[in-house]
Amino acid sequence: PDMRLPIQYALFGNQRMPANFRTLDFRKQLKLDFFPIDGKFPCLQLAYEAAKAGGTMPTVMNAANEIAVHLFLKNKIGFLEIPELIKKVMNEHQEVCKSKTHREPSLATIRESDCWARLEAEKLAG
């Protein structure tokens with residue numbers, strides 16, 4: 001497994017070019033190596049925190065991430081500002097929700113949290 005096929009798709013779009021490399025055969029024994037995450041991926045840590053918090057926090061984290069990535073792609077924030085913005089939104093959500101519990105949110109609450117997080121991310125990004 002490597003990036004040759006995804007790169008080929010990125011370069012040629014819907015036009016498929018002949019590939020001169022072996023395909024991955026899942027019937028053969030595959031060796032997968034997993035290593036501990038050592039802090040190089042701050043957004044992954046934020047995702048773990050959101051999952052642990054539960055309730056509406058995963059929705060908030062996802063919405064903030066989508067806005068942060070969008071702002072990065074529009075050159076409005078730097079790449080390293082993505083996790084910073086997500087963390088700020090998650091912290092704000094935690095402060096806002098202190099008075100009310102969102103442990104088992106309804107669909108309406110999830111949608112509300114998503115909208116709130118998107119607006120909050122835009123606001124915090126300036």
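In this predicted model, helix H4 has its buried residues covered by, among others, helix H2 (42-53), H3 and helix H5 (107-125). Those buried residues are Ile 82, Pro 83, Leu 85, Ile 86, Val 89, Met 90 and His 93. Looking down the axis of H4, they fall within an arc of 160°, so they line one face of the helix. That kind of pattern fits the general geometry: an α-helix has 3.6 residues a turn, so residues three or four places apart point the same way. As for length, the 16 residues of H4 should span 22 Å at 1.5 Å a residue, and its end C-alpha atoms are indeed 22 Å apart, which agrees.

Several residues of H4 turn up again in the nonpolar interior. The largest nonpolar core has 18 residues, and those with the most contacts inside it are Ala 68, Ile 77, Leu 85, Ile 86, Val 89 and Met 90. Each of H2, H3, H4 and H5 puts in at least two residues of this core, and H3 gives the most, with 8 residues. Val 89 makes a handy example of how the pieces meet. Leaving aside residues up to four places away in sequence, Val 89 touches Val 60, Ala 64, Trp 116, Ala 117, Glu 120, Ala 121 and Leu 124.

Next comes the stretch leading into H4. Asn 75 lies in the loop between helix H3 (57-73) and helix H4 (81-96). Most residues other than glycine have a negative phi. Asn 75, though, has a positive one, near 60°, and is not a glycine. With a relative accessible area of 71%, over the 50% cut-off, Asn 75 counts as exposed.

The aromatic rings round off the picture. The count of aromatic pairs comes to 1. Phe 72 and Phe 79 form this pair: their ring centres are 5.5 Å apart and their planes sit at 65°, so the pair is edge-to-face. The angle settles the label, because planes over 60 degrees apart count as edge-to-face. The two partners fall into separate exposure classes: Phe 72 is partly exposed at 28% relative accessibility, while Phe 79 is exposed at 55%. One more ring has a charge for company. The charged end of Arg 16 sits over the ring of Tyr 9, 3.9 Å from its centre.

Note on methods
Residues numbered from 1 in each chain as written. Predicted model: local features only at pLDDT ≥ 70, side-chain atom pairs only at ≥ 80, totals over all residues. Heavy atoms only, no water. Phe/Tyr/Trp six-rings, centres within 6.5 Å; stacked < 30°, edge-to-face > 60°. Buried < 20%, exposed > 50% of the residue type's maximum accessible area, 1.4 Å probe, protein only. Lys NZ or Arg CZ within 6 Å of the ring centre and 35° of its normal. Helix = DSSP H or I, 4+ residues; strand = E, 2+ residues; numbered from the N terminus. Expected span 1.5 Å × (residues − 1). Arc of directions from axis to C-beta. Contact = heavy atoms within 4.5 Å. Core = buried A, V, L, I, M, F, W, Y, C linked by side-chain atoms within 4.5 Å.
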